[in-house]
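Here is a report on helix packing and on selected residues in one chain. Please keep the sequence and the structure in view while reading.

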Amino acid sequence: MSSFYAYLGRMKYIERWSLMRNTTKENILEHSAQVAHLAHGIATVANKYFGMDLSADKITTLALFHETSEVITGDLPTPIKYHNNRITEAYKSIETLANDKLVSTLPTKMQPVYREITGSNSDSVEKKIVKYADRLAAYIKCVEELSSGNSEFKNAESSVKAKLDKDSENFPPLKYFIDNFVESFSKTLDDLTL
């Protein structure tokens with residue numbers, strides 16, 4: 001019997017932003033779903049407005065599984081994860097080991113599929129889009145927290161926004177997506193209602 005999907009079911013217990021006061025808690029299962037939505041949207045923009053030929057479905061799948069290692073490692077806060085290159089490289093190695101352990105719980109014939117999905121080949125355009133969507137989800141979280149009056153996220157919002165600006169310079173579909181869809185995350189339900 002495989003425990004792979006039981007492990008994934010535990011994603012709902014891993015909270016994000018653990019070092020900060022949150023008005024709304026977020027777990028990695030919810031986060032992964034949002035990243036999948038955003039990644040699909042960015043890929044669709046890239047295809048429809050920038051003439052690219054990306055598989056939005058593949059990118060969505062990659063996004064759904066991008067945090068799987070955290071059911072073993074937990075969510076290491078960004079300031080720690082990226083404090084210096086040694087910590088970053090060590091954590092990436094731990095993530096790889098965690099994903100390998102998870103995939104090894106699957107039946108042999110399924111393992112290659114999930115090894116590719118959970119792998120860390122960040123050079124592919126698909127994985128880069130997932131990274132952009134992951135960062136965009138972090139920015140949206142900051143915007144929502146600030147809109148709720150939680151100034152705890154002020155510095156995080158500035159830091160993530162600067163990274164997104166740089167990402168947008170390198171990937172115009174991301175800029176298009178941000179310019180056309182992100183402002184609405186700061187609106188109330190009444191403002192969104194047609």
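## A buried loop serine

Ser 69 counts as buried, at 3% relative accessibility. The model is a predicted one. Ser 69 sits in the loop between H3 and helix H4 (70-73). Its contacts, not counting residues up to four places away in sequence, are Glu 95, Ala 98, Asn 99 and Leu 102.

One of these, Asn 99, also takes part in a helix contact: it belongs to the H6 residues that meet H7. That pair is treated below.

## The buried face of H3

Helix H3 covers residues 56-64. Its buried residues are Ala 56, Ile 59, Thr 60, Leu 62 and Ala 63. Viewed down the axis of H3, these buried residues fall within an arc of 160 degrees, so they line one face of the helix.

What lies over them? The cover of the buried H3 residues includes helix H2 (28-50), helix H7 (111-118) and helix H8 (125-147). H7 and H8 each have a packing partner described in this report: H6 for H7, and H10 for H8.

## H6 against H7

Two packed helices are described by the angle between their axes and the distance between the axes. Helix H6 spans residues 85-104. The axes of H6 and H7 come within 9 Å and cross at roughly 155 degrees. An angle over 145 degrees counts as roughly antiparallel, and H6 and H7 are therefore roughly antiparallel to each other. Their crossing is right-handed.

From H6, the contact draws on Asn 99, Asp 100, Val 103 and Ser 104. From H7, it draws on Gln 111, Tyr 114, Arg 115 and Thr 118. By type, the residues of this contact divide into 2 nonpolar, 4 polar and 2 charged.

Is Gln 111 buried or exposed? Gln 111 is buried, with a relative accessible area of 16%. This residue is found in helix H7. Setting aside residues up to four places away in sequence, Gln 111 touches Val 103, Ser 104 and Leu 106. Val 103 and Ser 104 are among the H6 residues of the helix contact.

## H8 against H10

Helix H10 runs over residues 172-182. H8 and H10 pack at an angle of about 30 degrees, and their axes are 12 Å apart. Angles under 35 degrees count as roughly parallel, and H8 and H10 are therefore roughly parallel to each other. H8 passes H10 in a right-handed crossing.

Which residues meet here? H8 supplies Tyr 132, Leu 136, Tyr 139 and Ile 140. H10 supplies Leu 174, Phe 177, Ile 178 and Val 182. The residues of this contact divide into 8 nonpolar, no polar and no charged.

Val 125 is also in helix H8. It is partly exposed, with a relative accessible area of 30%. Residues up to four places away in sequence aside, Val 125 touches Met 52, Leu 54 and Phe 171. Thr 24 is 101 residues from Val 125 along the chain, and the C-alpha atoms of the two are separated by 32 Å.

## H9 against H10

H9 and H10 pack at an angle of about 125 degrees, with 5 Å between their axes. That makes H9 oblique to H10. Leu 164, Asp 167, Ser 168 and Asn 170 of H9 make the contact with Pro 172, Leu 174, Lys 175 and Ile 178 of H10. The residues of the contact divide into 4 nonpolar, 2 polar and 2 charged.

Leu 174 and Ile 178 of H10 appear in this contact. They also appear in the contact with H8.

## Ala 156 and Trp 17

Ala 156 is found in helix H9, residues 154-170. At 17% relative accessibility, Ala 156 counts as buried. Apart from neighbours within four places in sequence, it is in contact with Trp 17, Met 20 and Cys 142. Cys 142 is 14 residues from Ala 156 along the chain, and their C-alpha atoms are separated by 6.8 Å.

Trp 17 lies in the loop between helix H1 (4-9) and H2. It is buried too, with a relative accessible area of 16%. Most residues other than glycine have a negative phi. Trp 17 has a positive phi, near 55 degrees.

Note on methods:
Residues are numbered from 1 along each chain as its sequence is written. This is a predicted model: local features need pLDDT of at least 70, side-chain atom pairs count only at pLDDT 80 or more; totals for chains, interfaces and linings use all residues. Side-chain values use heavy atoms; hydrogens and water are left out. Buried means under 20% relative accessible area, exposed over 50%, partly exposed in between (1.4 Å probe, protein chains only). Helices (H or I, at least four residues) and strands (E, at least two) are DSSP runs, numbered from the N terminus. The arc is that of the directions from the helix axis to the C-beta atoms. Contact means heavy atoms within 4.5 Å. Axes are lines fitted to C-alpha atoms, for helices over the stretch in contact, and angles run from 0 to 180 degrees between N-to-C directions. Angles under 35 degrees count as roughly parallel, over 145 as roughly antiparallel, 65 to 115 as roughly perpendicular and the rest as oblique. A crossing is left-handed if the near helix is turned anticlockwise from the far one by less than a right angle, and right-handed if clockwise. Ala, Val, Leu, Ile, Met, Phe, Trp, Tyr, Cys and Pro count as nonpolar, Asp, Glu, Lys and Arg as charged, and the others, Gly among them, as polar.
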